[in-house]
Amino acid sequence: MKKNSGILIGILVVLILILVGEMGFLFRDRLATILPAKDPAPATGSTTAPTTQATTQATTQATTEATTEPTTEATTEPTAPTTAEERAEATVSAFATQNGLSLADYPESLMKLLARNPETEDFVLSYPLEKDVEHTVDLSGTDLSKVPLFLQWDKRWGYTIYGNDVAGLTACGPTALSMAAYYLTGGDPKMTPDKIIQFALDNGYCAPGNGSYWSLIYQGGEDLGLDVWEIDKGYASVKEELGAGHVIICLVGPGDFTTDGHFIVIAGMDADGKLIINDSNSRARSEKTWDYYLIYDQIDTMWVLCGHDYAG
């Protein structure tokens, strides 16, 4: 009996130990669900630092691009030329750079010419390259059904020194006389602008610093074999002479054509009674017609030229 009791007690003790062990495991698991686990120490090369660096770099770059770059572009972009003088200088400077030249190769008078008359751009830009070139002048194909327009700044004769500057600036007188003479003589090659410029130089009609003496028109025209006489400023006189096929050269003062003095050619009259004017300094002004009374007060003197008795 005692032996059986000892066995039972031993079994009971074992069961109690097992039960206590199971309760210990249950208690530890319960604590694991209640208490937070400790964070492990970050390993070398963890993603924490690169993430922070990438975020910082992206933010910095975005901020820099958004705030710095547009500001830099806006403040460093060159200002576009605004005045005629600035535009002329920019045009010449760009051309000079492309052709191995400099602004110093261009006289100030030509820079001013381009500023006030954009039509002369090719003439002005080509000056250093062509001023010493001897051009052949052949006007044999010129339409002589009307008085031809010759421009004093044509490169074929415009670089010739006439007075104190190039003919493109100072030779309105010889160019006007050439237009009238070439037309009235049926295209005599002795009447081209280059020949009349040289004629004026050789015969004392060039006025240094002032272009040409008035005598170039009335006396020089006679020397060339034309009939020349002065007329009054009346509209009726102008209409009559033009109707007879004659050409009129006018000396005009400040106004639509010049700020000083300038020779222009009245080449005809249209059906509305408006004047057809050949201005050797402007193709644009020569392509429009003019109300006589609009320019009446600008006219100083007028001469009629006729080639009826021209012998060649």
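Let's start with the overall count: this protein has 14 helices and 10 strands. Keep in mind that the model is predicted. The chain runs to 312 residues, and buried ones make up 37% of them. Now contacts. Take those between residues at least 6 apart in sequence: 60% of them join residues at least 24 apart.

Next, one helix and two partners. The helix is α9, residues 172–184. One partner is α10, residues 193–202. The other is α11, residues 215–223.

Take α10 to begin with. How far apart are the axes of α9 and α10? They are 8 Å apart, and the helices pack at about 125°. That angle lies outside the 65 to 115 range for roughly perpendicular and is not over 145, so α9 counts as oblique to α10. The crossing is right-handed.

Which residues meet there? From α9, we have Pro174, Leu177 and Ser178. From α10, we have Pro193, Ile196, Ile197 and Ala200. Sort that contact by class, and you get six nonpolar residues, one polar and no charged.

A quick reminder about helices. An α-helix has 3.6 residues a turn, so residues three or four places apart point the same way. Look at the numbering of those contact residues with that in mind.

Now α11. Its axis and that of α9 come within 10 Å, crossing at roughly 45°. So α9 is oblique to α11 as well. Again, α9 makes a right-handed crossing, this time with α11.

On the α9 side, the contact uses Gly173, Pro174 and Leu177. On the α11 side, it uses Leu216, Ile217 and Gly221. The classes here are four nonpolar, two polar and no charged.

Notice Pro174 and Leu177. They appear in the contact with α10, and they appear in the contact with α11.

Stay with α11 for a moment. Buried or exposed: what are Leu216, Ile217 and Gly221? They are buried, and so are Ser215 and Gly220. After the helix comes glycine 225, with a positive phi near 100°.

Last topic: cysteines. A disulfide is a covalent bond between the sulfur atoms of two cysteines. How many disulfides does this model have? The count is zero, with sulfur atoms needing to be within 2.5 Å to qualify. Two cysteines are worth a look anyway. Cysteine 172 has a relative accessible area of 12%, so it falls under the 20% cut-off and is buried. Cysteine 306 comes in at 4%, so it is buried too.

Definitions and conventions
Residues numbered from 1 in each chain as written. Predicted model: local features only at pLDDT ≥ 70, side-chain atom pairs only at ≥ 80, totals over all residues. Heavy atoms only, no water. Axes fitted to C-alpha atoms, helices over the stretch in contact; angles between N-to-C directions. Helix = DSSP H or I, 4+ residues; strand = E, 2+ residues; numbered from the N terminus. Parallel < 35°, antiparallel > 145°, perpendicular 65-115°, else oblique. Left-handed = near helix turned anticlockwise from the far one by under 90°. Contact = heavy atoms within 4.5 Å. Nonpolar A, V, L, I, M, F, W, Y, C, P; charged D, E, K, R; others polar. Buried < 20%, exposed > 50% of the residue type's maximum accessible area, 1.4 Å probe, protein only.
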